[in-house]
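Visitor: I'd like to know what stands behind the labels people put on a model like this. Can we go through them one at a time?

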Amino acid sequence: MSSPAPGAPETLRNAIPYPFCPGCGHGSVLDRLNEALVRLGRAPERTVIVSDIGCSGLSDQYFTTSAFHGLHGRSVTYATGVKLADPSLEVIVVMGDGGTGIGGTHLLNAARRNVGITVVVMNNLNFGMTGGQHSTTTPEGAVTATTPGGNLEHPLDICATVGVNGAAYAYRGTQFDPELAERLVEAIETPGFALLDVWELCTAHYVKANRLSRRGMEELMEELNLRPGVLFRRDVAEYATAYRRAHGTDAPPPPPAAIPVEFAARLDRPRAIVVAGSAGGRVRSAARLVGEAAIRSGLWAVQRDDYPVTVQTGYSLAELVLSPSPQALLPVPAPDVLVVLSTDGLRRAGPMLASMTAEGTVVTVPGLAELATDARVVVLDPGRVAKGELALTLLAATVARLDLLPIDALRAAAAAGPFSGANLAAVAAGAVIGAVGT
Amino acid sequence: MREFLDGNAAVVRGALAAGCTFFAGYPITPASGILMAMMRELPARGGVAIQGEDEIASIGMCIGAAMTGARAMTATSGPGISLYSENIGLAIMGEVPLVIVDVQRLGPATGGATTVGQGDVQFVRWGTSGGYPIIALAPSSVLECYTVTARAFELAERFRSPVFVLTDKELAMTLTTVEAAALEPIEVPPRHLAATGAPYRFEPASEVAPMHAYGAGDPVRFTGSTHDVAARITKDPAAIDALNRHLEAKIADHLDELVIADADLQPGAGTLVVSYGVTAGAAREAVARARAAGRAASGLVVQSLWPVPEAALREAMAGVDRVVVPELNLGQYRLEIERLAGPRQVVGVNRVDGELIGVERIMEAMR
């Protein structure tokens with residue numbers, strides 16, 4: 001056991017007397033916590049006692065340390081935030097069995113992550129402050145204010161719950177354990193997540209209804225097969241420290257490359273281009289390249305995508321609005337140009353076909369069903385082309401055919417982005433197809 | 001030079017420009033882009049980004065981190081804001097600077113995960129118990145997602161308060177063209193910290209005391225319970241009154257500092273269009289088209305939704321007899337306009353089918 005640092009305070013208790021009921025275990029457990037912190041020489045300003053709600057939630061007020069008294073069951077989340085942001089702080093959570101129940105998910109996830117906090121559960125088997133209602137640790141058969149006929153629920157094994165999920169340290173005992181201070185020191189010194197399930201007498205409620213004593217608590221543990229002692233001890237890395245070690249050498253991702261305006265488009269009014277294909281067909285990335293090419297051509301592009309929540313199946317649709325002047329996000333009533341790549345896309349874009357007028361153009365591939373539309377239909381044959389290249393090939397062909405923007409701008413956009421080889425080939429193929437289509 | 005950027009990316013850029021060092025969030029469409037980008041960006045810059053086990057843990061971690069001096073942000077959508085509720089109250093009570101991004105989707109409940117809505121406008125205002133003021137900003141373009149997020153950090157620090165940034169699915173996930181030069185560097189001053197003395201000050205009520213961070217001086221107490229200036233729990237009516245009036249006055253007495261609005265007023269206009277968020281795009285266009293057709297019209301885009309910029313609204317309404325309020329809900333912000341409008345006719349243009357409001361619909365309501 002470490003000895004106190006020179007100059008460390010002799011107590012971290014302040015002069016305020018505890019307010020707990022006669023016979024309640026909270027005061028003696030807090031005295032043991034004070035003993036442990038003093039033995040470890042912890043500085044009050046660098047120690048944060050995070051308290052939960054209920055009688056245990058009063059705890060932080062009797063210490064000279066830093067304190068965080070938050071919301072019911074959430075103490076572990078605040079403690080995690082403190083520890084993650086500043087791993088050099090000593091963070092102790094004091095909570096009751098009530099907080100354990102309502103904040104159960106936080107407890108087991110902190111254990112799983114092994115955030116370096118110490119959790120002291122003042123487990124008095126019921127809700128004391130609110131009038132003796134049953135909690136998640138109330139034994140079966142126990143009479144409480146909300147189980148007048150005896151509790152029907154199985155009590156939570158707190159130590160096993162955090163233990164099987166990776167906690168570095170878990171201990172169970174009672175307020176009377178003569179070695180409680182030692183156990184607290186061990187827990188605080190544990191680098192990862194440490195929990196102490198300390199059973200106490202609630203003299204205001206539980207003891208009155210169930211005649212529990214020191215001896216009775218020990219017998220109850222045996223009866224419930226919830227054995228006392230240090231039940232889990234593992235040598236694991238503390239999360240906040242491991243996080244910094246894992247990311248210490250990361251370089252920030254490069255900022256997105258700004259797009260130069262180096263071409264000029266002839267477009268004199270906004271045009272909406274919708275490309276409708278199949279998921280997995282790189283529809284959206286092809287549309288994005290056309291958007292970037294438009295920006296290279298001095299146009300203002302807006303791209304909105306539409307796809308199902310699943311991937312690689314169903315439709316994928318991208319809507320591009322290209323405009324000679326800055327544009328806001330507006331709904332597009334009917335596209336000026338609709339590029340239909342597959343039956344998936346056709347199914348999704350069907351209603352748009354009907355809304356298009358003779359001014360509009362539909363570009364599609366051979367073999368799709370008859371398109372019911374007033375728009376001019378242009379069928380372009382891409383020949384044998386990989387699924388992933390079809391969208392860009394047809395979009396390049398559409399750009400060339402309708403002179404939406406200089407094809408060289410699309411080449412430049414393709415050359416600047418990822419997969420430039422395949423994308424440049426698709427643009428080249430599209431330019432040829434666009435020039436010769438029917 | 002230009003960029004092809006969506007609103008989620010712009011929020012992240014704004015947060016990083018403002019010096020954000022801590023992020024915690026839980027995956028939810030349409031806000032996940034912010035979480036994923038923060039996971040890539042923050043650790044490499046010496047900060048921390050973590051995916052919480054749920055939304056409650058995520059905002060809880062942010063509050064804990066902020067108490068060590070971190071500049072913290074979280075992002076979610078309506079269902080997540082529902083789970084943030086009690087911790088929003090805690091951040092108000094403990095006077096914790098925190099930026100909360102709400103990428104709105106169509107509600108209620110799971111609603112439309114990939115569907116646009118503006119249904120959280122009154123929800124963020126009244127989303128926690130007690131009814132105390134909050135600050136909520138709503139960018140109306142992708143570029144404003146950058147500038148307004150940075151401004152949110154500034155206001156969070158200035159007022160020691162949670163500040164909402166309300167975007168929506170369309171702003172968040174639509175790529176738009178932005179002038180690269182407009183994403184200019186932003187300087188948010190360092191947190192005003194104090195190392196000794198009481199961590200709170202309630203008098204004069206409108207003043208905000210410097211924050212005390214854990215480990216940076218005297219021990220620091222924090223509590224979500226009614227407390228005195230030392231953060232000791234109190235039942236003394238005078239101390240309680242001082243705390244609660246302070247929480248109100250520190251924001252309510254500084255409305256001038258909180259106003260962000262674009263007024264585009266035309267003398268002689270009979271109609272004013274008041275809009276915010278993504279809907280402002282169509283509203284601006286409707287005003288421009290009305291003028292092009294020879295009809296005088298005024299527009300006001302409100303970026304600082306809460307507190308309501310009453311002076312700016314009153315000024316914009318002077319002289320008009322009709323106010324048109326387009327919203328992707330059934331008239332939530334219209335309620336605020338109506339209480340300021342006097343005899344003027346207030347007309348809503350509302351859509352809750354997951355589609356954006358078109359320019360024509362607003363023009364029809366303008367007469």
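Visitor: What share of the 438 residues of chain A counts as buried?

Guide: It's 53% of them. A residue is buried if 20 or more other C-beta atoms lie within 10 Å of its own, exposed if 12 or fewer, and partly exposed in between, with C-beta atoms placed from the backbone. Bear in mind that this is a predicted model: local features need pLDDT of at least 70, side-chain atom pairs count only at pLDDT 80 or more, and totals for chains, interfaces and linings use all residues. Residues are numbered from 1 along each chain as its sequence is written, while chains are lettered from A and ligands numbered from 1 in the order in which they are written.

Visitor: What radius of gyration does chain A have, set against a compact globule of 438 residues?

Guide: Chain A has 34 Å, where such a globule would be near 22 Å. The radius is taken over C-alpha atoms, and the globule rule is 2.2 Å times the number of residues to the power 0.38. Along the principal axes, the C-alpha atoms of chain A fill a box of roughly 95 × 55 × 35 Å.

Visitor: How many helices and strands are there in chain A?

Guide: Chain A has 14 helices and 15 strands. These are DSSP runs numbered from the N terminus: H or I with at least four residues for helices, E with at least two for strands.

Visitor: Why are α10(A) and α12(A) called roughly parallel?

Guide: Helix α10 (residues 283–296) of chain A packs on helix α12 (residues 387–402) of chain A at about 30°, with the axes 8 Å apart. Angles under 35 degrees count as roughly parallel, over 145 as roughly antiparallel, 65 to 115 as roughly perpendicular and the rest as oblique, so this pair is roughly parallel.

Visitor: Which residues of α10(A) and α12(A) meet?

Guide: Val283(A), Ala286(A), Ala287(A), Leu289(A) and Val290(A) in α10(A) meet Ala391(A), Leu392(A), Leu395(A) and Val399(A) in α12(A); contact means C-beta atoms, placed from the backbone, within 7 Å. The residues of this contact are nine nonpolar, no polar and no charged. Nonpolar covers Ala, Val, Leu, Ile, Met, Phe, Trp, Tyr, Cys and Pro; charged covers Asp, Glu, Lys and Arg; the others, Gly among them, are polar.

Visitor: Why is α1(B) described as largely enclosed?

Guide: Ten of its eleven residues are buried, so the rest of the structure largely encloses α1(B). Among the buried ones are Asn8(B) and Arg13(B). Just after α1(B), Gly19(B) takes a positive phi of about 90°.

Notes
Axes fitted to C-alpha atoms, helices over the stretch in contact; angles between N-to-C directions. Contact = placed C-beta atoms within 7 Å.
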